[in-house]
Amino acid sequence: MEDYLNSTLNALKSENYANLTIVIGNESCDLDSAVCSLVYATFLHWQHQKMKCKVCTKNKRDENTYKDDIFICMLDVERQDYLLKTEVAFCFKECGVSEELLVFRDDIDITNLVENNKTSIVLVDHHVLSGKFEFLAPHVTEIIDHRPIDNTNWRYREDVRSTIEIVGSCCTLVGQRIEDLSTLMHRGGFYDDFKVCADLLHSVILLDTVNFSKEVNKGTLHDEDIVTSLETILEITDCEKVRREKVARLVAARCDVGSLSAAQLLRKDFKVVGDVFIPSFPVLVEDLLKKPGALEAVREALVLRDCSIALLLGMTLNGHLQRDGAIISDDERKTEALSKLLREWSSPCLQLSPEIKKGLFYYKQLNLSASRKQYIAPVNQYLNDFKQ
C-alpha cells in the first residue's frame, strides 16, 4: 500500500502521468466513505497494472518518455480537519496508512485537473454531487453507492457505470465490485497483494452494521456474505471474537471526541442539503449543547456555510444505542415547518419524541435504525415545500 500511495503521489505532483482517475467519497468523509475511496482507488491501480501486462511489456517501452495512468483517492475534507475524523485517522493509522501519503480536498486543484488533463471521476458512498463539485458531473465514469437513488439530481453521462443497492455499508458494494471485476479478469490476487484492503473493508462493514445488531437492523444478507468472504481471505478463525473486538475499537475511536470543542464537532461529520446544515455526532445532541458556546458555534457554522437552518443528529452506543436530534434556526417558520414534516414523515417513520428545550426544537429519536440517510428525503421535501 505504501509503495502504491508513494509512487502515485509522486506522479501526481510531477504531472508524470497519461490519464488520471480520482475516486471521491462523500463530503462527510466518514469511515465508510474514506475506506471505500482508498480501497477502490487501490484496486483500480492494481487492475490497471495487471491488464496492462497483457498488451505491453516493459522492454517495449522507453522509460524516459513513458507515462502511465494513475488512480488516486481524494478525501473530501481539508487536511487540517483530518484528525477530527477520529475513527478514520485511527483506522488508517492502525492499518499502516500514513497521513502524509493521503490526498485531501485542499491538496489539489481539481478544477484545473479536469479542465487541463484527461481526468475521470469515480464516486463512492454518494451519487449526488455537492454544490462545489457539480461541475464534475460530465467527468463521472462510475458510481458505487448504498443510498436510495435520487433521479432528480442525476446529471451524468448515459454510459456511466453505476452500482446502487441499499445495504448496510458501501464497503459491501466495493467488496462485491472487486470480486466481480477480478472474476471478469480471470485474475485473483488483489487481496494477496493488498491484504490491508480486505481488513479495512471487513472492519467498516462490521462498524456500519454494529456487528449485525438486531437493535440497529442495518445489516443485510449481502453485507453478511461479503464479511464472510473477507474472513476467509483474512484467515480468521474465531470470527465472533474478532468481530466484537474490531467494533469495540472503532466505536471507541469514533467516540473519542471529549477534547473537541462544539465548533470542531460541527466540522467532524456534516452534510449540506440546500440551505440545511446537517452535522451528525458520536455523542448525543443533548450533551453537545452543554458544551461552552455550542449554540453560538451552530449559528457561526450556518453563516459560514450559507445555510439558514441546522438539523443536528446525535448518537451514542455507550451501554445501548440512543439517538436524538435538534433543529436550530433564527427563522421560527422554518423550524416549525421542518419539525412538523419530520414528525409526520412515514417512509420510514422516524418516531420522534419532542422535549421542551429553550430556543430550539429538540427530540429523542425512537427509530434507532434511521441514520442521516433517512433524513435526506424529508429534508428535500421541506426544501421543495418552502419554495412554494
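## Helices, strands and labels

Helices (H or I, at least four residues) and strands (E, at least two) are DSSP runs, numbered from the N terminus. Keep that in mind for labels like H1 below. One more thing before we look inside: this is a predicted model.

## The annotated domain

The unreviewed UniProt entry carries an annotation, "domain: DHHA2", for residues 247–383. Helix makes up 39% of that span and strand 27%. From one end to the other, its C-alpha atoms are 36 Å apart.

## The largest cavity

How many cavities of 30 Å³ or more turn up in the whole structure? There are 2. The largest holds about 690 Å³ of space, and 37 residues line it. Nearest its centre you'll find Asp 30, Arg 254, Asp 269, Ser 280 and Ser 371.

Several elements pitch in with at least two lining residues each: helices H2 (31–55), H7 (195–208) and H14 (373–387), plus strands E8 (276–281), E9 (309–316) and E10 (322–328). Sorted by class, the lining of the largest cavity has 16 charged, 14 nonpolar and 7 polar residues.

## The second largest cavity

Now for the second largest cavity, with a volume of about 70 Å³. Its lining includes Tyr 4, Leu 5, Thr 8, Leu 9, Phe 71, Ile 72 and Cys 73. Which element gives the largest share of this lining? That's H1, with 4 residues. Helix H1 (2–14) and strand E2 (70–75) each supply at least two.

What classes do the residues of this lining fall into? The split is 10 nonpolar, 1 polar and no charged.

Technical notes:
Residues are numbered from 1 along each chain as its sequence is written. This is a predicted model: local features need pLDDT of at least 70, side-chain atom pairs count only at pLDDT 80 or more; totals for chains, interfaces and linings use all residues. Side-chain values use heavy atoms; hydrogens and water are left out. UniProt positions are given in the numbering used here, feature names are shortened, and annotations may be inferred rather than shown by experiment. On a 1 Å grid over the protein atoms alone, a cavity is a set of points where a 1.4 Å probe fits but cannot get out, and a pocket is an open set with protein on both sides within 12 Å along at least five of seven lines; lining residues have an atom within 4 Å of a point. Grid points are joined across faces, edges and corners, and a volume is the space filled by probe spheres set on the points. Ala, Val, Leu, Ile, Met, Phe, Trp, Tyr, Cys and Pro count as nonpolar, Asp, Glu, Lys and Arg as charged, and the others, Gly among them, as polar.
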